[in-house]
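Reader: I am new to this structure and would like to understand the words used for it. Could you take me through them?

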Amino acid sequence: MVDVTLNVTYAPVRVAKPSIAAMNNPAPKGAAGKMIGKEDASRCVSIFKTLGLASIMIFAVVSLVGMIVIWKSGLIERVISQQLVIEKDTEVYDVWVKPPVKPIVNIFVFNYTNVAEFTAGKEKLKVKEVGPYVYRLSLEKVRVVFPTNDTVSFQEKKNYQFDPVLTKGSLDDVLMVPSFTVLGTVHKLDKLLGGLPFNPLPDSFFTKEPFEKIKVRDLIWGYDDAIYDTVRPFLNMVSGDLPAKMGLLVGKNSTDEMRFTINTGMLDINKLGIVSAINGKKKLSMWRSNECNRVDGSEGSMFPPPQVASGLRLYIFLAQLCRRIPFDAIKFMVTNGMPAVRYAPPEDVFSPDNPENQCYCLSGKCPKNGLFNVGPCVFDSPTMASFPHFFQGDPSLLDEVDGLKPDAEKHQFYLDVHHKFGVPLGGKSRLQINLVAKAKNIAPMKRFKRDTILPVCWFEVSVDELPPEVKSALKLATHTASHGLMYFLLCVFVFSSGVIAYYATKRTRAKVARPLIYSELPKKLILVQKK
């Protein structure tokens, strides 16, 4: 057997053996000894390859720059935010007018369990929280008008539907609660007789006690009262048109008389949803300064996306308090499967030490920390608002009544807002109604200390779960806006980079392993024959 090995005494590179035909008919050489022929075709192919590679490189650069711009600038989020403006004949407008979300309203009532012992001077008042009595709230904006391009005015139509399944108890439960009519009448008399050194009214003036037994149904939706019917015509002369009955939600299961005017965000997305007027007025009149009388803040259905994205303080105008309430961002979280910022009122929101609250203190006197005098907003009644169980309030508020246990988990007011679009994703609005017992030398009130705060009930309006269609739409917008285009650009960048790398590698290999032409063959070949 014969083994033949070819040894090359030139350079140690791989040599492609030329064919016999090529060796017998060597190709013509140019000035540099290279092969020539079909130059035009080769040049065209080379140009097309160069242009294609350049285009791919441009795609790669553009996609990379696009990803950086979108990531850093939030461009897509801003584009979608512009679609949130309130404009007729849009999907956003339809959802805004008739929200598919139905909040749950929980009403907790304080039942006074030892009124007889308190009246006899034997015990401090004791309360037991009863409920919740649950309603599902349907909202619709009616009488919608666009006064200008960037404002819209409307009224809210509310429909409360009782939910017996979620309710603990019955609307026919009979509870002992503070009497609105007695405490309200005493409050009016206190103002009228405040300058007198004595009380001209006999003890027999009042035939009712400051507490009364009442069904929950009547407490919520109203009841007839002889004292109220007697004094109502006189109160109407100084307090406006009072409702025909006394009750927590009297007149609320209908179209609200209050008319809001808010910004549509059409000209400035930073003003989206901000209230600009109430009943056509840009200022209130019951507080002591222009700042407190200022109509401002969101009406609660949407917030300016740039402010939420930046974590700035938000304001909500609470019509039931006739004032705006500040909300601070406290943490980032996931609500209903979407990124959200949780907002809550600051601890000093109802503090007399907060300089911003001084203009709410009428007659130069501020209530204790944790209380807000809502009387000027509610027919000049002796009503104080607070958080449930006097959460974040002065500890002395718990001294007058036993049975209150403030708990942040149960009683904090908070709102979760989509961190890019400013849409509420969930939250719990919690406020407590309290009556003030003015201690005058009137028989029913002699047992009370001056300005005793008596809790009546508290409301929790909550949105825990969004409807599936709302959740799907928000998730789609969230993930499409945040990731969809970036994923597309990333794919373009990876593909372009791969093509560039492929051609670069192929060209390098071609340079290393290109075939030798005839003129570059070794000058000396040694054939070694082994037997």
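Author: Gladly. This is a predicted model, and a good place to begin is Ser-462, which counts as buried.

Reader: Why is Ser-462 called buried?

Author: Its relative accessibility is 4%, and buried means under 20%, so Ser-462 counts as buried. Ser-462 belongs to strand E17, which covers residues 452–463. Its contacts, apart from residues up to four places away in sequence, are Pro-103, Ile-104, Asn-106, Gly-427 and Lys-428.

Reader: What makes Lys-102 partly exposed?

Author: Lys-102 has a relative accessibility of 47%. Exposed means over 50% and buried means under 20%, so at 47% Lys-102 counts as partly exposed. Lys-102 is found in the loop between helix H4 (91–97) and strand E2 (104–112). Leaving aside neighbours within four places in sequence, Lys-102 touches Leu-137, Ser-138 and Gln-161. Lys-102 and Val-463 are 361 residues apart in sequence, with their C-alpha atoms 7.6 Å apart in space.

Reader: Let us turn to the rings. How many aromatic pairs does the structure hold?

Author: There are 18 aromatic pairs. One of them joins Tyr-135 and Tyr-160.

Reader: What makes the pair of Tyr-135 and Tyr-160 edge-to-face?

Author: The ring centres are 6.3 Å apart and the planes meet at 85 degrees. Rings pair if their centres lie within 6.5 Å, and planes over 60 degrees apart count as edge-to-face, so this pair is edge-to-face. The pair links distant parts of the chain, with Tyr-135 in strand E3 (residues 125–148) and Tyr-160 in strand E4 (residues 151–162), 25 residues apart. Tyr-135 is buried at 3% relative accessibility, and Tyr-160 is buried at 13%.

Reader: And why is the pair of Phe-350 and Phe-372 called stacked?

Author: The planes of Phe-350 and Phe-372 are at 25 degrees, with ring centres 5.9 Å apart. Planes under 30 degrees apart count as stacked, so the pair is stacked. Phe-350 lies in the loop between strand E11 (338–344) and strand E12 (372–373), and Phe-372 lies in strand E12, so the pair ties together parts that are 22 residues apart in sequence. Phe-350 is buried at 6% relative accessible area, and Phe-372 is buried at 5%.

Reader: Which charged residue sits over the ring of Phe-372?

Author: That is Arg-323, whose charged end is 5.0 Å from the ring centre of Phe-372. Elsewhere, Arg-342 lies over the face of Tyr-414, at 3.9 Å from the ring centre.

Key: Residues numbered from 1 in each chain as written. Predicted model: local features only at pLDDT ≥ 70, side-chain atom pairs only at ≥ 80, totals over all residues. Heavy atoms only, no water. Helix = DSSP H or I, 4+ residues; strand = E, 2+ residues; numbered from the N terminus. Buried < 20%, exposed > 50% of the residue type's maximum accessible area, 1.4 Å probe, protein only. Contact = heavy atoms within 4.5 Å. Phe/Tyr/Trp six-rings, centres within 6.5 Å; stacked < 30°, edge-to-face > 60°. Lys NZ or Arg CZ within 6 Å of the ring centre and 35° of its normal.
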